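Grab a pencil and work through the exercises below. Try each task yourself before you read its solution.

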Amino acid sequence: QAGLMMGDPVWVLPQSEVPGVPFVALASEELNSGDWSTPIIFRMVNAISPSGNGTFSMFTTDSGGAPTFHFSSVGDGSTANSNQFTSNFAHDHVNWAFTEPGTWTVEVEAFGTHNALGALSTTETMTFQVVPEPSSSALVLLGASTLLLRRRVA
């Protein structure tokens with residue numbers, strides 16, 4: 001898969017809450033940290049774009065806006081932690097970025113070591129429907145065509 005190039009479109013679910021935008025998190029806060037000898041680690045197993053050529057990334061930004069990439073469909077070498085994110089029994093909001101509209105599937109494994117049960121893991125597949133917002137010019141055009149249609153009917 002090709003990497004993201006300057007000027008390529010990107011759709012992002014942000015790590016900060018924005019009204020009307022899904023607020024997606026990785027969550028391990030309901031687990032009792034005293035029952036575990038390791039933190040919970042989330043690992044991206046696979047990401048599939050609508051065309052098969054898109055790029056998916058999951059990243060966080062610091063207070064200055066600098067990104068730290070945790071997951072990337074481009075490969076382990078492009079992330080800070082080899083496509084892994086460590087959660088210290090928290091509710092972690094992150095940025096989810098996609099380079100093309102359509103239906104994406106992202107498979108994520110969560111694993112850790114439980115004090116009594118040993119190594120545990122589970123894998124889930126998340127589905128994202130990336131829908132581009134219409135541009136303001138498209139909205140103006142839609143409004144103008146509706147106005148013309150109304151005038152013709154009247």
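**Exercise 1. Work out the order of the strands in the sheet that contains S9 and S10, and find its edges.**

Step 1: Four strands make up this open sheet, in the order S6-S3-S9-S10, with antiparallel pairing. Strands here are DSSP runs of E, at least two residues long, while helices are runs of H or I with at least four residues, and both are numbered from the N terminus. Two strands pair if DSSP finds at least two bridges between them.

Step 2: Look for strands that pair on one side only: these are strand S6 (84-87) and strand S10 (118-130).

Step 3: From one strand to the next, the twist averages 25 degrees. That angle is taken between lines fitted to C-alpha atoms, in N-to-C directions, on a scale from 0 to 180 degrees.

Step 4: Now zoom in on S9 (residues 102-114), which is joined to S10 by 13 bridges. One spot to check is Thr 105, which stands opposite Thr 127 in S10.

A note before going on: this is a predicted model, so local features need pLDDT of at least 70 and side-chain atom pairs count only at pLDDT 80 or more, while totals for chains, interfaces and linings use all residues. Residues are numbered from 1 along each chain as its sequence is written, and side-chain values use heavy atoms, with hydrogens and water left out.

**Exercise 2. Do the same for the open sheet that contains S1 and S5.**

Step 1: The order is S1-S8-S4-S5, and the pairing is again antiparallel.

Step 2: Strand S1 (11-13) and strand S5 (67-72) stand at the edges with a single partner strand each, so one side of each has no neighbour in the sheet.

Step 3: The twist averages 25 degrees from one strand to the next.

Step 4: S1 is held to strand S8 (residues 95-98) by 3 bridges, and Val 12 sits opposite Ala 97 in S8.

Step 5: At the other end of the order, S4 and S5 pair over 5 bridges, with Phe 71 in S5 as the bridge partner of Met 58. S4 and S5 form a hairpin with 5 residues between them, and Gly 65 in the turn has a positive phi of about 90 degrees.

**Exercise 3. Which residues do ring pairs link into a cluster?**

Step 1: Start with the search of the whole structure, which finds 6 aromatic pairs. Rings of Phe, Tyr and Trp (its six-membered ring) pair if their centres lie within 6.5 Å; planes under 30 degrees apart count as stacked, over 60 as edge-to-face and the rest as tilted.

Step 2: Phe 56 and Phe 98 form a tilted pair, 5.4 Å centre to centre with 45 degrees between the planes. Phe 56 is in strand S4 (residues 56-61) and Phe 98 in strand S8, 42 residues apart.

Step 3: Check burial, where buried means under 20% relative accessible area, exposed over 50% and partly exposed in between (1.4 Å probe, protein chains only). Phe 56 counts as buried at 0% relative accessibility, and Phe 98 is buried too, at 2%.

Step 4: The rings of Trp 96 and Phe 128 have centres 5.5 Å apart and planes at 35 degrees, so this pair is tilted. Trp 96 lies in strand S8 and Phe 128 in strand S10, so the pair ties together parts 32 residues apart in sequence. Both Trp 96 and Phe 128 are buried.

Step 5: Put the links together: Phe 56, Trp 96, Phe 98, Trp 104 and Phe 128 form the cluster.

**Exercise 4. Where is Gly 54, and is this residue buried or exposed?**

Step 1: Gly 54 is in the loop between strand S3 (40-48) and S4.

Step 2: Gly 54 has a relative accessible area of 3%, so this residue is buried.

Step 3: Gly 54 and Phe 98 are 44 residues apart in sequence, with their C-alpha atoms 7.2 Å apart in space.

**Exercise 5. Count the helices and strands of the protein chain, and put them in order.**

Step 1: The count comes to 1 helix and 10 strands.

Step 2: From the N terminus on, the order is β-β-β-β-β-β-β-β-β-β-α.

Step 3: For the chain's burial, 31% of its 154 residues count as buried.
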